[in-house]
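Trainee: Before I look at this model, could you take me through how its pocket and its surface should be read?

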Amino acid sequence: MLPFAQFGIDLRVLGIASSKKMLMRETGIDLDNWQTEFEQKAVPTDLAKFGSFLSSNYIPNRAIVDCTASDAPAAQYINWMAQGIH
């Protein structure tokens, strides 16, 4: 059992993006095999589509973690927040 599961927290990674590719899954990405799936099934990165995907998902609390030095994700922050993404 994952540590957060004991508190009734449903934590999922719904998308992973690089500057060139992105992978999105409505049910969550299998973190044990994400690298293989990312290499085989990722599509070209479109940060507007990435935000739209997350905002259309039924999960009530969505967050994007930006671990880049790029200005591209930062340029989307206002749009993402307007879509209800933290």
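Mentor: We will go through the pocket and then the surface, keeping in mind that this is a predicted model.

Trainee: How much space lies in the largest pocket, and which residues are the closest to its centre?

Mentor: The largest pocket holds about 800 Å³ of space, and among the 29 residues that line this pocket, G15, F50, A63, I64 and V65 are the closest to its centre.

Trainee: Which helices and strands each supply at least two residues of that lining?

Mentor: One strand and two helices do so, namely β1 (15-17), α2 (47-56) and α3 (71-74), each of which supplies at least two lining residues. By residue class, the lining of the largest pocket divides into 18 nonpolar, 7 polar and 4 charged residues.

Trainee: Turning to the surface, which residues make the nonpolar patch?

Mentor: F7, I9 and L11 make a nonpolar surface patch of about 350 Å². A residue enters such a patch with over 30% relative accessible area, and I9, which lies in the segment before β1, has a value of 47%.

Trainee: Why is I9 called partly exposed, whereas Q6 is called exposed?

Mentor: The exposed class begins over 50% relative accessible area, and partly exposed covers values between that and the 20% limit for buried. I9 is partly exposed because its relative accessible area is 47%, whereas Q6 is exposed because its value is 55%. Q6 is also found in the segment before β1.

Trainee: How far apart are Q6 and Q40 in sequence and in space?

Mentor: Q6 and Q40 are separated by 34 residues in sequence, and their C-alpha atoms are 33 Å apart in space.

Technical notes:
Residues numbered from 1 in each chain as written. Predicted model: local features only at pLDDT ≥ 70, side-chain atom pairs only at ≥ 80, totals over all residues. Heavy atoms only, no water. 1 Å grid on protein atoms, 1.4 Å probe; cavity = no way out; pocket = protein on both sides within 12 Å on 5 of 7 lines; lining within 4 Å. Points joined across faces, edges and corners; volume = space filled by probe spheres on them. Helix = DSSP H or I, 4+ residues; strand = E, 2+ residues; numbered from the N terminus. Nonpolar A, V, L, I, M, F, W, Y, C, P; charged D, E, K, R; others polar. Patch = residues over 30% accessible without salt bridge, like charges linked within 9 Å, V, L, I, M, F, W, Y side chains within 5 Å. Areas by Shrake-Rupley, 256 points an atom, 1.4 Å probe, with all protein chains shown as cover. Salt bridge = Lys/Arg side-chain N within 4 Å of Asp/Glu carboxyl O. Buried < 20%, exposed > 50% of the residue type's maximum accessible area, 1.4 Å probe, protein only.
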